[in-house]
Amino acid sequence: MKSVYLRNFVATATLVTVSFLLTTIAFIGIARSYVINDYQTNMQSTAREVSRMAAAVAEYDSLHSWSLSMNLSSIANSTGNHLFVTDDSLEIVCCSDKRPSCDHIGRALPEELFDALQQDGRMRQFSTLGGLYADKHYIVTEPVLDRTGAVIGYAFVTSLSANMFGAWETFLGVAVLVAIGVFSLALIISLFYSKRMARPLDEMAAASRKFARGDFSVRVKQVEDPTDEMGALIESFNKMADSLEKAEARRSEFIANISHELRTPMTTISGFADGILDGTIPKEEEEKYLRSISDETKRLSRLVREMLDVSQLRNRASDPSKRTVFDLTELILQTLLSFESRATKKGLDVDPQLPDQHLLVRADRDGITQVIYNLIDNAVKFAYPDSCLTIRLYKDDGKAYVSVKNCGETIPPDDLPFIFDRFHKSDRSRSMDKTGVGLGLYLVKSIINSHDEDIAVKSEDGVTEFVFTLPLAE
C-alpha cells in the first residue's frame with residue numbers, strides 16, 4: 001500500500017512537472033522570438049548607422065572611399081555582421097572585408113533585388129543575394145541618400161542564419177541549465193515538504209497502534225502553525241488521547257478501588273458462609289454471623305453505590321458544558337437546612353457567616369452541592385456536642401472562598417497530607433464511624449480540582465477548617 005507521503009509527493013511532482021513544462025515551452029517560444037527580434041533590431045540599427053556614415057563620406061569623397069571601407073571593417077568586427085555598400089545600380093563599391101582579399105567589390109546584385117528596393121529602399125529577408133553567399137543570410141538594407149534626398153546607394157548588413165540562431169542557442173543553453181536547476185530544487189522542496197506534511201500522520205498512526213496495545217501516554221508533536229488544518233487535527237487527536245488516558249486511568253483506578261475495598265467484606269462473607277455451611281460455626285451462633293454477613297453485604301452495596309457516584313460526579317464536574325451561573329449563598333443555605341435536625345440533636349451552634357448580597361459563581365451546581373454537603377456532614381459528624389460550627393462565604397482576588405470550620409478532635413499532623421486520598425480514614429473516623437468508605441473527601445477534592453480550583457485543610461488546637469475556592473461569574 002502506498003503511503004500518503006508517496007502519493008502526495010507523486011501528485012506534487014506531477015503538478016510541478018506539468019506546470020514547469022508548460023511554462024518552459026511558453027518561455028522558450030517567447031525568449032526565442034525576443035532574442036531573434038533583438039538581433040534583427042541591432043542589425044537594422046547598424047544598417048542605418050552605415051547608411052548615415054556612407055552619406056557623410058559621399059559629401060567629400062565617393063562611396064569607393066578607403067576610409068569608408070575601414071569604418072565598415074571596424075563595425076563588422078564589433079557586431080559580427082558582414083557589411084557592404086552598393087551604388088544606385090546595386091554594384092558593390094565598398095565592403096567590410098579587408099582589401100585586397102575582398103572579392104565582393106565590383107559584383108552586381110540580382111536585378112530582382114533592385115525591383116524590391118524601388119519601393120522604399122529597405123529590405124528585410126533571408127537570401128543568398130543571387131549567389132553572393134553560399135548559405136542564406138538575413139539581409140537588412142537601408143538607402144544611402146545625398147543632401148537632396150536622392151538615393152545614391154544602399155547599405156547592406158548581413159548575418160549568417162546560423163549566427164543569429166547561434167545567439168538564441170547560447171541563450172537556450174543557459175536557460176535550460178537554469179530550468180533544470182530550478183526544477184530540481186522544486187522537486188527537492190516538494191520531497192521535503194511532502195515528507196514533513198506526512199510526518200504527523202505517521203506519528204498519529206504509530207500512536208494509534210500504541211493505543212491499541214493500551215499505551216495512552218503517546219502524543220503527537222504539534223506543528224509550527226497550530227491554526228491550520230493539520231494543527232487542528234493534531235490538537236483534536238491529542239485531546240482524544242488525553243480523554244482516553246483519563247478514561248483508562250479512571251477505569252484502572254475504579255478497578256483498583258474495587259479490588260482494594262471488596263476484598264475484606266467478600267472474604268468476611270465467604271468465611272462466615274463457609275463456616276455456617278460446614279458446621280464450624282455452632283448453630284446457636286449462626287444468627288450472629290448471619291447478621292455480620294448482612295452488614296457486610298450492605299456495606300458492599302453502599303461501597304459500590306458511592307464509587308459509582310464518585311465516577312459520575314467527577315465526569316460531570318470536568319465537563320465545562322455542565323457549568324452554570326448560580327448563587328452560592330443560596331446553595332449553602334439550602335444545604336444547611338438538610339442538617340438542621342442533626343445539628344439540633346447534637347446541640348451544635350451553627351453560625352452561617354454569609355454576605356448580604358448574592359454571590360454568583362460559575363461551576364457545576366450538582367458537584368458543588370455534593371462538596372458542601374460532604375464538608376458539612378463531616379463537620380457535624382466530628383464536632384463535639386454543644387460546640388460551634390461555622391460556615392463562612394467571602395470573595396477575594398476574583399474568587400469565592402467557602403470555609404467550613406468545626407470544634408472537635410484535632411486531626412493528627414501525620415494524617416493531614418493524606419486526608420483527601422481515596423479510602424483514607426484517620427484514627428478518629430475509624431473510632432467514631434463504622435459506615436464510611438473513605439471516599440467523601442476524595443470526591444470533594446476531585447470535584448474542586450476538576451474546576452481548576454483548590455481546597456485546603458487546617459487542624460490545630462481542636463479546630464478543623466476546610467477552605468475551597470470557586471471562580472466568580474463574569
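Two strands count as paired here if DSSP finds at least two bridges between them. Keep that in mind as we walk through this model, which is a predicted one.

Let's start with a pair of strands. Strand β4 covers residues 137-145 and strand β5 covers residues 151-160, and the two run antiparallel, joined over nine bridges. If you want a spot to look at, find Y138: across from Y138, in β5, sits S159.

Now zoom out to the sheet around them. Five strands make up an open sheet, in the order β2-β1-β5-β4-β3, and the pairing is antiparallel. Why do β2 (92-95) and β3 (123-127) each have one side without a neighbour in the sheet? Both stand at the edges with a single partner strand, so there is nothing in the sheet on the other side. From one strand to the next, the twist averages 25°. Helix α2, residues 66-79, packs on this sheet, where it touches β1 (82-87) and β2; the direction of α2 makes about 150° with that of β1.

Follow the chain from α2 towards β1 and you'll come across N81, which is found in the loop between the two. Is N81 buried or exposed? Buried means under 20% relative accessible area, and N81 has a value of 8%, so N81 counts as buried. As for its surroundings, leaving out neighbours within four places in sequence, N81 is in contact with Y39, M43, A76, V157, T158 and S159. One of these, V157, is 76 residues away along the chain, yet the C-alpha atoms of N81 and V157 are separated by 6.5 Å. With Y39 there is also a side-chain link: a polar contact of 3.4 Å.

Next, jump to another antiparallel pair, β11 and strand β12 (residues 463-471), which share six bridges. These two form a hairpin with two residues between them, and D461 in the turn has a positive phi of about 55°. Strand β11 (residues 455-460) has side chains that alternate: I455, V457 and S459 are buried and point to one face, whereas A456, K458 and E460 point to the other and are not buried. V457 has F466 as its bridge partner in β12.

Finally, the whole protein. There are eleven helices and twelve strands, and 39% of the 474 residues count as buried. Among contacts between residues at least 6 apart in sequence, 63% join residues at least 24 apart. The accessible surface comes to about 26800 Å², with 56% of that belonging to carbon and sulfur atoms.

Notes: Residues are numbered from 1 along each chain as its sequence is written. This is a predicted model: local features need pLDDT of at least 70, side-chain atom pairs count only at pLDDT 80 or more; totals for chains, interfaces and linings use all residues. Side-chain values use heavy atoms; hydrogens and water are left out. Helices (H or I, at least four residues) and strands (E, at least two) are DSSP runs, numbered from the N terminus. Axes are lines fitted to C-alpha atoms, for helices over the stretch in contact, and angles run from 0 to 180 degrees between N-to-C directions. Contact means heavy atoms within 4.5 Å. Buried means under 20% relative accessible area, exposed over 50%, partly exposed in between (1.4 Å probe, protein chains only). Accessible areas come from the Shrake-Rupley method with a 1.4 Å probe; for residues, only the protein chains shown count as cover. A polar contact is a pair of N or O atoms within 3.5 Å; within protein, one must be able to donate a hydrogen and the other to accept it, and residues adjacent in sequence count only if both atoms are side-chain atoms.
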